[in-house]
Amino acid sequence: MNNYETVFILNPVLSDDQMKDAVGSFEAVLKNNGAEVINVEKWGLKKLAYPIQHKSTGFYNLIEFKADTSLIKTLEVEFKRDEKVMRFLTIALNKHAICLLYTSDAADEEDSVDLGGRRIIKKKKK
C-alpha cells in the first residue's frame with residue numbers, strides 16, 4: 001500500500017451539510033475499497049487563482065490515505081461523476097514527505113527535522 005494525498009475543490013454554493021456529505025462520501029469510497037484514511041482536513045472557503053466554472057471561490061479539502069494504486073482510478077472516477085467537485089489532484093507521497101508528516105509534531109517542539117542528511121528548519125511562531 002502506498003501513501004497518497006488528494007486535494008479537491010467543492011462548489012462554493014453548497015451548504016455546510018452538503019459539503020460534509022460530499023467529503024464523507026469520498027471518505028466512504030476510500031474505506032469501502034480497503035484504504036486507510038490517515039487525515040482529513042477541511043481548509044474552508046478560499047479564493048481561486050483563476051475562475052473555474054465562473055466561480056472565484058471554492059471549498060478546499062484534503063484527504064491523506066494509504067491505498068493500493070488501483071483505488072486511485074476509482075476515486076478519481078467518483079470525483080469526475082460528482083458535479084459538486086470543481087477540481088481535484090491526487091499525488092503519491094514520497095518517503096521524505098511521509099517522514100515530514102509523521103515528524104511534524106516533533107518539529108513543533110524542536111526547530112528542525114532531519115530528512116536523511118537534509119535538514120529542514122522551521123520558523124518559530126511568535
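**Strand S1 against S3**

I began with the pairing of strand S1 (residues 2-10) in this predicted model, and I found that S1 and S3 run antiparallel and are joined by nine bridges. As a reference point for the register I noted Tyr4, which stands opposite Phe65 in S3.

**Strand S2 against S3**

I then turned to the other pairing of S3, with strand S2 (residues 36-52), which is also in the antiparallel sense and extends over eleven bridges. For the register here I wrote down two positions: Glu36 has Lys66 as its bridge partner in S3, and Lys46 stands opposite Gly58 in S3.

**The turn between S2 and S3**

Next I looked at the hairpin of S2 and S3, in which two residues lie between the strands. I know that most residues other than glycine have a negative phi, and with that in mind I checked the backbone angles in the loop. Gln53, in the loop between S2 and S3, has a positive phi near 55° although Gln53 is a residue other than glycine. His54, which has its place in the loop between S2 and S3, also takes a positive phi, in this case near 60°. I compared their exposure as well: Gln53 counts as partly exposed because its relative accessibility is 43%, whereas His54, with a relative accessible area of 84%, is exposed.

**Asn61 inside S3**

Is Asn61, a residue of strand S3, buried or exposed? I found a relative accessibility of 1% for Asn61, and since the limit for buried is under 20%, Asn61 counts as buried. I looked for what its polar side chain meets, and I noted that a polar atom of the Asn61 side chain lies 3.3 Å from the backbone oxygen of Phe59. Leaving aside the neighbours within four places in sequence, I listed the contacts of Asn61 as Thr6, Val7, Phe8, Leu10, Val23, Glu41 and Lys42.

**Ala35, ahead of S2**

I went on to Ala35, whose place is in the loop between H1 and S2, and I recorded that Ala35 counts as buried because its relative accessibility is 11%. Beyond its neighbours within four places in sequence, Ala35 is in contact with Met1, Leu30, Phe65, Lys66, Ala67 and Leu71. I also took one C-alpha separation, that of Ala35 and Asn3, which are 32 residues apart along the chain and 9.8 Å apart in space.

**Aromatic rings**

My search for aromatic pairs gave a count of five. The one I examined is formed by Phe26 and Phe79, a tilted pair with 4.6 Å from centre to centre and 55° between the planes. Phe26 lies in helix H1 (residues 16-32) and Phe79 in helix H2 (residues 69-81), so this pair ties together parts that are 53 residues apart in sequence. I checked the burial of the two residues, and both Phe26 and Phe79 are buried. I noted further that Phe26 and Phe79 belong to one aromatic cluster together with Phe8 and Phe88.

**Salt bridge**

How many salt bridges does a search of the whole structure find? My search returned one, in which the side chains of Glu78 and Arg81 meet at 3.7 Å, N to O. Both residues lie in helix H2, where they are three residues apart, or about one turn of the helix. Glu78 counts as partly exposed because its relative accessible area is 27%, while Arg81, with a relative accessible area of 63%, is exposed.

**The protein as a whole**

Finally I set these entries against the overall layout, in which I counted four helices and six strands. Read along the sequence, these elements follow the pattern β-α-β-β-α-β-α-α-β-β. I noted that buried residues make up 34% of the 126 residues, and that the accessible surface comes to about 8400 Å², with 49% of this surface belonging to carbon and sulfur atoms. Of the contacts between residues at least 6 apart in sequence, 66% join residues at least 24 apart.

Definitions and conventions. Residues numbered from 1 in each chain as written. Predicted model: local features only at pLDDT ≥ 70, side-chain atom pairs only at ≥ 80, totals over all residues. Heavy atoms only, no water. Buried < 20%, exposed > 50% of the residue type's maximum accessible area, 1.4 Å probe, protein only. Polar contact = N/O pair within 3.5 Å; in protein donor to acceptor, adjacent residues only side chain to side chain. Contact = heavy atoms within 4.5 Å. Areas by Shrake-Rupley, 256 points an atom, 1.4 Å probe, with all protein chains shown as cover. Pairing = 2+ DSSP bridges. Phe/Tyr/Trp six-rings, centres within 6.5 Å; stacked < 30°, edge-to-face > 60°. Salt bridge = Lys/Arg side-chain N within 4 Å of Asp/Glu carboxyl O.
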